[in-house]
Amino acid sequence: MPELAEAEFFRKRWTQAARPSPTILRVHTHDAKKLFRTAPAPALRAALTDSALTASAAAGKQILFRFQRPATSVSPAIDAWLGIHLGMTGDLSVAPPAHTPRKHDHLVLYTTAHALVFADPRLFGRIQFHLGPDAPLWWAKIAPALISPSFTVAAAAAFLNRRARAPIKAVLLMQERFPGIGNWMADEILWRAAIHPAQPAGSLRPAEVKTLWRECRAVARLALATIAGRGDDLPLDLNTAIPDTWLFNHRWSDGGRCPKTKKNLSRADIGGRTTCWSPARQKLRKN
DNA sequence: AGACATGTTGCTCA
DNA sequence: ATGAGCAACATGTC
C-alpha cells in the first residue's frame, strides 16, 4: 500500500492509539525472519516490553517509533527505536487488547487499551531496531522530504542529469532523491506536469524540470492533506479519499479516461512498473 | 488458470 | 566506478 502519505497515516494511527496508555505490556513477534533481518526479535521484545511509545516520525515511506523506559532499581533505562517499512502490502492497525495474532500479524504491541498490529502478507516490509539515545543512522540518511526547503529544484535537476538516459518515471521512483514517491504518485506527478513517463530524464528542458519539481511538492502536500488524516481507525480507502479530479481513480484498469482531457488513458510497462498516462497531454518528445 | 499488485534489492551487462 | 535493466522475493485477489 504505502507511499508517503499512507506512511504518515499509519504512523498517526499507532501514535494516536498509544496516547492514553503508551506503555507496552507485551510484545508478540511472528516467526518471519525476512522482516526482522536487521532486528533480532528477542532483543526487540526485551527492549519494548514495559517501555512507553514516546515519539514517532515518518519520512518518505519509512516510519520510526521511539520507546523509552526510565531506569529502576533493578533495570537500566531503555531508549529504543522501532523502524518500519511497509513494503507493498504492509499495514499498521489497531485492535482490541485481547487480539489474537492472525497469520500475517508479524508484530503486535499490547497496551492496556489496544493491540498495535503490524501485518504484511507478502513480507516485502522491513522491521528495524536500534538502541541508544539518538535515532539510527539509516534514519538520518533519508533524503530531504519533498515538501522541505532542502528539496530544491537544483538538487532535482542535478539528479535528473545523473540519470539522464533512464525514463523519468523510473527516476521519480528513486528514494535517494524522491523519498516517498511510489508508483501512483509518480504517475500523478507526471500527469500534472504534462511530461511523458518514458521521456529520458536528461532530456527535460529547464522549464519542465521546474514544473516537475513543483508538482512533486504539490502532490506530496495534497496527498498528505487528503490521506494522512488524524490517524483514526477507519479503514484507509484511497479510492474514496482521493477525488476523481486526480489521475488516481482512473489509472488502475484499461479503459480509463483522463480527467483533464476526457481522452483515453494509456497503460504500459515503463521503468519496470505499470504506468498510466494521458497521451493527449503527455507527449513523448524525440530529440 | 493466469495475470497482476501503492516496493526494494542484488545481480548482470554496458 | 557508475548507471540501466531485470529477475527475485511471497502471497493474495481479480
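This is a short chat about a predicted model and its contacts with DNA strand C.

Visitor: What should I know about the model and the numbering first?
Guide: It is a predicted model, where local features need pLDDT of at least 70, side-chain atom pairs count only at pLDDT 80 or more, and totals for chains, interfaces and linings use all residues. Residues are numbered from 1 along each chain as its sequence is written, chains are lettered from A and ligands numbered from 1 in the order written, and side-chain values use heavy atoms, with hydrogens and water left out.

Visitor: Which residues surround DNA strand C?
Guide: Among them are K103, H104, R122, L123 and R163; near means that a heavy atom of the residue lies within 4 Å of the strand.

Visitor: Which part of strand C do the atoms within 4 Å of the protein belong to?
Guide: Sugar or phosphate accounts for 61% of them, and bases for the rest.

Visitor: What does the side chain of R122 sit by?
Guide: An N or O atom in the R122 side chain is 2.5 Å from a base nitrogen of DNA strand C.

Visitor: And H104?
Guide: There the partner is a phosphate oxygen of DNA strand C, 2.7 Å from an N or O atom in the H104 side chain.

Visitor: Switching to L123, where is it?
Guide: L123 is in the loop between β7 (115–119) and β8 (126–131); strands are DSSP runs of E, at least two residues, numbered from the N terminus. L123 has a positive phi of about 60° although it is not a glycine.

Visitor: Buried or exposed?
Guide: L123 is partly exposed because its relative accessible area is 25%, and that class lies between buried (under 20%) and exposed (over 50%), using a 1.4 Å probe and protein chains only.

Terms used:
Polar contact = N/O pair within 3.5 Å; in protein donor to acceptor, adjacent residues only side chain to side chain. Helix = DSSP H or I, 4+ residues; strand = E, 2+ residues; numbered from the N terminus.
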